Amino acid sequence: METQPETQPETPSETQPEIPVDLDFAHALGVSDADGVLHVQGDDAQVRDLASVSKPLAALGTLIAVERGLVDLDEPAGPEGATVRHLLAHTSGCSFDGDETVGAVGARRIYSNTGFELLAAHVEEATGYDFEDWMEQTVVQGLELTDLEVTGSPAAGYRGSIRDLLAVGRELLAPTLLSEELWREATSVQFPGLAGILPGYGRQKPNDWGLGLEIRGAKDPHWTGAHSSPATFGHFGQSGSFLWVDPERALTAAFLGDEPFGPEHVRVWPGVTDAILERFAGAGTEGAEARTDGGGAR
């Protein structure tokens with residue numbers, strides 16, 4: 001009897017039509033649920049600048065230090081009167097860039113690269129590791145990432161790929177490196193009601209943030225979709241990058257491209273997210289219900 005050649009399983013990108021992305025430059029897009037990749041278009045292994053999408057990765061590294069008892073969210077860090085929690089939630093009073101403080105601690109949401117530089121320095125002191133080495137040992141090795149480069153600024157200097165961002169997104173959907181209690185705290189609004197500027201989208205009141213994660217809430221305009229749940233969290237970057245996690249839909253998506261953030265991203269990104277939710281939200285319903293019913297993160 002003649003042996004039939006073994007067929008290879010189709011990848012998600014081979015079985016699904018592309019999600020429309022009306023941009024005339026090279027880019028890559030990926031979608032995943034907690035169990036694995038659902039869709040990829042473009043080169044998911046190409047490494048690009050993450051810009052401020054570095055921050056949620058650095059925040060994850062910091063939260064692992066909290067989980068291990070090496071850092072406390074409410075211990076002093078940064079400007080006088082500020083804590084690790086303030087630095088993660090952009091309420092320390094630090095300026096966007098530079099050493100000066102431009103507001104009182106906890107008074108308003110002031111988006112700050114400086115705050116994340118101070119955060120990394122604090123974690124270094126607390127753990128005894130250079131922050132780059134700490135990120136390699138905890139996030140890169142912990143999630144078995146293959147492309148992430150953590151040699152730059154923790155505020156905006158990392159580089160990575162879609163496949164690695166989706167792995168981080170899956171961790172933020174169903175954590176393995178953090179306890180459920182800490183995960184819920186990180187993805188909940190810190191210092192509720194504070195107003196502030198969301199870069200690229202103007203003043204938001206409230207401008208909700210968790211611990212290193214921007215929370216969608218009722219913000220308008222916003223870079224996620226019209227149908228994104230208010231619980232959606234993540235980050236976008238000036239390199240033209242985003243990573244969002246919608247825990248109510250049990251989905252995560254990432255975008256990287258060759259052009260810096262600008263009006264075309266503002267125009268296109270919400271529709272891309274809504275197309276993702278329309279196509280894949282049903283696939284993640286069971287996982288979302290499990291978390292809503294107290295099944296918790298794993």
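**Exercise 1. Find out where His-122 sits, whether it is buried or exposed, and what it touches.**

Start with the address: His-122 belongs to helix α4, residues 113–127. Helices here are DSSP runs of H or I with at least four residues, strands are runs of E with at least two, and both are numbered from the N terminus. Before going on, a word on the source: this is a predicted model, where local features need pLDDT of at least 70 and side-chain atom pairs count only at pLDDT 80 or more, while totals for chains, interfaces and linings use all residues. Residues are numbered from 1 along each chain as its sequence is written, and side-chain values use heavy atoms, with hydrogens and water left out.

Next, the accessibility: His-122 counts as buried because its relative accessibility is 16% (buried is under 20% relative accessible area, exposed over 50%, partly exposed in between, with a 1.4 Å probe and protein chains only).

Last, the partners. Skip the neighbours within four places in sequence, and His-122 is in contact (heavy atoms within 4.5 Å) with Val-71, Glu-75, Pro-76, Ala-77 and Val-84.

**Exercise 2. Work out how far you can trust the model, using pLDDT.**

pLDDT is the predictor's confidence in each residue, from 0 to 100. The protein chain has a mean of 92, and 90% of its residues reach 70 or more. Now look at residues 283–298: pLDDT is below 50 there, although the stretch has 28 contacts in the model beyond near neighbours in sequence. Where pLDDT is low, the predicted coordinates should not be read in detail.

**Exercise 3. Decide which residues of helix α5 are buried, and what they pack against.**

Go through α5, residues 131–140, and you'll find Phe-131, Trp-134, Met-135, Thr-138, Val-139 and Val-140 buried. Look down the axis: the buried residues fall within an arc of 160° (taken from the directions from the helix axis to the C-beta atoms), so they line one face of α5. Their packing partners are α2 (54–67) and α4.

Now turn to α2 itself. Of its 14 residues, 13 are buried, so α2 is largely enclosed by the rest of the structure. Just after α2, Gly-69 has a positive phi of about 80°.

**Exercise 4. Trace the open sheet, strand by strand.**

Six strands make up this open sheet, in the order β2-β1-β10-β9-β8-β7, with antiparallel pairing (two strands pair if DSSP finds at least two bridges between them). At the edges are β2 (37–41) and β7 (214–215), each pairing on one side only.

Step inward to β8 (233–237) and β9 (241–246): five bridges join this antiparallel pair. Phe-236 is opposite Phe-242 in β9. The β8 and β9 hairpin has three residues between the strands, and Gly-240 there has a positive phi near 85°.

On to β10: β9 and β10 are also antiparallel, over five bridges, with Val-245 opposite Thr-252 in β10. This hairpin has four residues between the strands, and Ala-250 takes a positive phi near 55°.

How covered is β9? Six of its six residues are buried. Ser-241, Leu-243 and Val-245 are on one side, with Phe-242, Trp-244 and Asp-246 on the other.

**Exercise 5. Identify the helices that lie on the sheet, and their angles.**

Take α6 (162–173): this helix lies across β1 (27–32), β2, β8, β9 and β10 (251–257), at about 155° to β10. Then there's α8 (263–280), which packs on the sheet, touches β1, β2, β8, β9 and β10, and makes about 35° with β9. Angles run from 0 to 180 degrees between N-to-C directions, with axes being lines fitted to C-alpha atoms, for helices over the stretch in contact.

**Exercise 6. Pick out the unusual backbone geometry in the loops.**

Most residues other than glycine have a negative phi, and most peptide bonds are trans.

Peptide bonds come first. Lys-205 and Pro-206 are joined by a cis bond with omega about 0°, and Pro-206 is in the loop between β6 (202–204) and β7. Asp-220 and Pro-221 are also joined by a cis bond, with omega about 5°; Pro-221 is in the loop between β7 and β8.

Then phi. Glu-144, not a glycine, has a positive phi of about 55°; this residue is in the loop between α5 and β4 (159–160) and, at 68% relative accessibility, counts as exposed. Phe-191 also has a positive phi, near 55°, in the loop between α7 (180–186) and β5 (196–198). At 26% relative accessible area, Phe-191 is partly exposed.
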